[in-house]
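Please open the structure in your viewer and keep the selection panel at hand. The tour below moves from the outside of the chain to its parts.

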Amino acid sequence: MANTDDAPPDQEAVRIDAGGWGWTWAADTEGRLHQVGLGPDGADASVDVEAIWYPDSHPTWGGPDPYRPPGLRITHADGTTTTRLRLDRVDRQPLGDDESVSVCTVDESFDLRVRFCVTTHRASGVLEQWIEVDHDEGGPVVLWDYDSIAPTFLVGTDATITQFGGAGWADEWAWTTERLTPGTKVLDSLGGIQPHLQRAPMLLLEPNGPTDEHAGDVVGCSIAWGGNTRFALDLRPRANDDRGDLRLRAGANPLGAQYVLDPGTTFVSPTVAWTWSTGRGQLSDRFHRWTRSRVLRDPDRTRPIVVNNWESTFFDFDEQRIVGLIDRAADVGADLFLLDDGWFGTTSPRDDDTAGLGDWEPDRRKLPRGLPALVEAAGERHLRFGIWVEPEMVNPDSDLFRAHPDWVIRDRRAPREHRNQLALDPLIDEVRDFEVGVVDRVLGGAPGTSYVKWDANRPVTDPGSSALPADRQSNAWVDWVRATWEVMHRVAEGHPDVEVMLCASGGGRTDHGTLRWFHEFWTSDNTDPVTRVRMQWACGHWFPASAMAAHVTSWGARPLPFACAVALSARFGFDLDLDALDDDALTVCRRAVAVARRTQDLVQHGRLVRLVSPVDGTDRSRAALGFVAPDRSRAVVFCYQLDDPLSPPAELRITGLDPDGTYTIDATDLSDDGRSLGAASGAALADGAVAWMADEATTARVIELTRVAAPD
Ligand code: GLA
């Protein structure tokens, strides 16, 4: 559109109505696409031909704006490094209330096509976007940058981003907010298999400065990719203007991952899911709704109360010890017993993490009657049974590695071990079959098992695949993700009734792409309840609580009632040595299970309302959040005092209720059965009718609210 007086015909405007917001692209007279609208009214933007500048819709290296980093950079078959795209056509396909749109462009000088693909989900307001590239040049082309989206925002001086980065294992979801300054800020992750231990693939952008739960522009963006990811934020100030232009590029991390694309084949980038909302509360409503509709398996099924043995036994157990724990799990009222790592390995028994991975036969020294005896023990106590697997990995000390040393991911050097293990290469056909077969065999050998924890405990450090030729080694980073997803897809199809937890050294794989074949993820190995409140707060911006597994453990040595209250605000379970608990502690566990029975449907399927933040402001010593039934007839609120209070507690304003309804109020700190606090209207509760009660560090209150039926 730059410097042209020719108004493009409106049919050349591509308008995307994302549901409450959207964007418009328009082609100039030469067919170059520009972003002419973005935001709440973005789909209705008028194409202002008098404007002298519009940003490129998706900048290419050598395109109209040569001064800024591109979202697409390609070396063509003849060595040309620039790409200039022209609109060819727009394909639109209705999908019920939604549509799928493909904006098809061609290079002006090469036989190369780029499609900008969009699927709407208007019920939530989350847009899915990705790009596709194919060509018929005389030889392969190389894709150096291939961002899935690259919109531009007009931002104020205090444009703010929040990233969710950890310092690695046990530090997922650390919340960091910062003001953007001119230049390019890159937020990336590496590690291939568990990159989200470094940084979750989600970003909050507040283009006009910090917002709150209810007001202000918030853009949320999630890269639905099970590999390395990258956000790049290029902020260019405007001359003589307080504002600036911010380009957000998001997609797979191209570092070391240039993709060699043969003629006649198609490169498909990861999908990026994003939305523009008013206030952070709406952002979470949207992501939760979209995650339930388009991502999670069996979203309406209430998840079980799980007892896991990992932190109580680690690798050191036998049948008697496990049956003892199953007994206790039944005693406290759980639904499912999950047997973790250490149950397998024959010639190389899995007594620690140095041996056995890859050999998925039960260790008869520990389990003389195999897994069926445990499934039966659980069944007799009316518990379901679940099992831990790590199908993508191998210890060098294993029969599998001795038989197939060439099955691992490695470059030409000796492979480096991480947690004493190597990653299998899913680009090898037999490896994919083997990995699917691991789950088939384990489940087949333990009929009745209805839950699997799928773990992956090392990153990729030395990229290389024997399945790829020398000049395609860098394709592995992208191809591994797709090959792994193929395995996960086959497992999900083969076992439709088995619930599957996704785990990678904790929350190393918490992305909306991989989660499509799972029911939930292990949020972090860090289960210190104080840290967990903050982790779950951050993670809950993107995922419904049903997806976030949270188990009561002894990590941090916090009071048990407090630990239970924290786990109760996500998918609840225990990873405690229930056998070692005294009667008082068991009573607390039983009480927590009783609360879970009354509230997990709300926590897992209700609407999240965040009330007091443990990550914003100066006093981060407390947190409160609630879950409200869709018809607002019931709610549960969790209040946590994490540290010694830094300031007197603010009023607890419980929002999201029916203002005209009257609610009975029951509260417990889980050290006793709690008490009634009378009743109040939804309006009064929103106005602070309930005082903050959790006054001491590491105490909590669980407040249950039930609307009293209105008299006829
Ligand atoms: C990872 C998981 C843990 C546990 C161990 C077993 O670290 O995150 O929950 O399953 O592996 O080795």
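Begin with a surface view of the whole chain, whose accessible surface comes to about 25500 Å², with carbon and sulfur atoms contributing 48% of that area. Keep in mind while you look that this is a predicted model.

Next, colour the residues by burial: of the 712 residues in the chain, 62% are buried. If you then select the charged side chains, you will find 70 positive and 112 negative charges, and the mean positions of these two groups lie 1 Å apart.

Now switch to a C-alpha trace and turn the chain along its principal axes, where the trace spans about 80 × 70 × 45 Å. How does the radius of gyration of the chain compare with that of a compact globule? The chain has 27 Å, and this agrees with the globule rule, because a compact globule with 712 residues would have a radius of gyration near 27 Å.

In a cartoon view, the chain shows 11 helices and 36 strands. Among the contacts in the chain with a separation of 6 or more, 69% are made by residues 24 or more positions apart.

Finally, select the parts given by the domain assignment, which are domain 1 (13-295), domain 2 (311-525) and domain 3 (608-707). Take domain 1 and domain 2 together, and you will see that their centres, taken over C-alpha atoms, are separated by 34 Å. To the contact between them, domain 1 gives 37 residues and domain 2 gives 33 residues.

Methods. Residues are numbered from 1 along each chain as its sequence is written. Side-chain values use heavy atoms; hydrogens and water are left out. Helices (H or I, at least four residues) and strands (E, at least two) are DSSP runs, numbered from the N terminus. The radius of gyration is taken over C-alpha atoms; the globule rule is 2.2 Å times the number of residues to the power 0.38. Buried means under 20% relative accessible area, exposed over 50%, partly exposed in between (1.4 Å probe, protein chains only). Contact means heavy atoms within 4.5 Å. Accessible areas come from the Shrake-Rupley method with a 1.4 Å probe; for residues, only the protein chains shown count as cover. Lys and Arg count as positive and Asp and Glu as negative; His and the chain ends are not counted. The place of a charge is taken as NZ of Lys, CZ of Arg, CG of Asp or CD of Glu. Domain bounds come from an automatic or database domain assignment.
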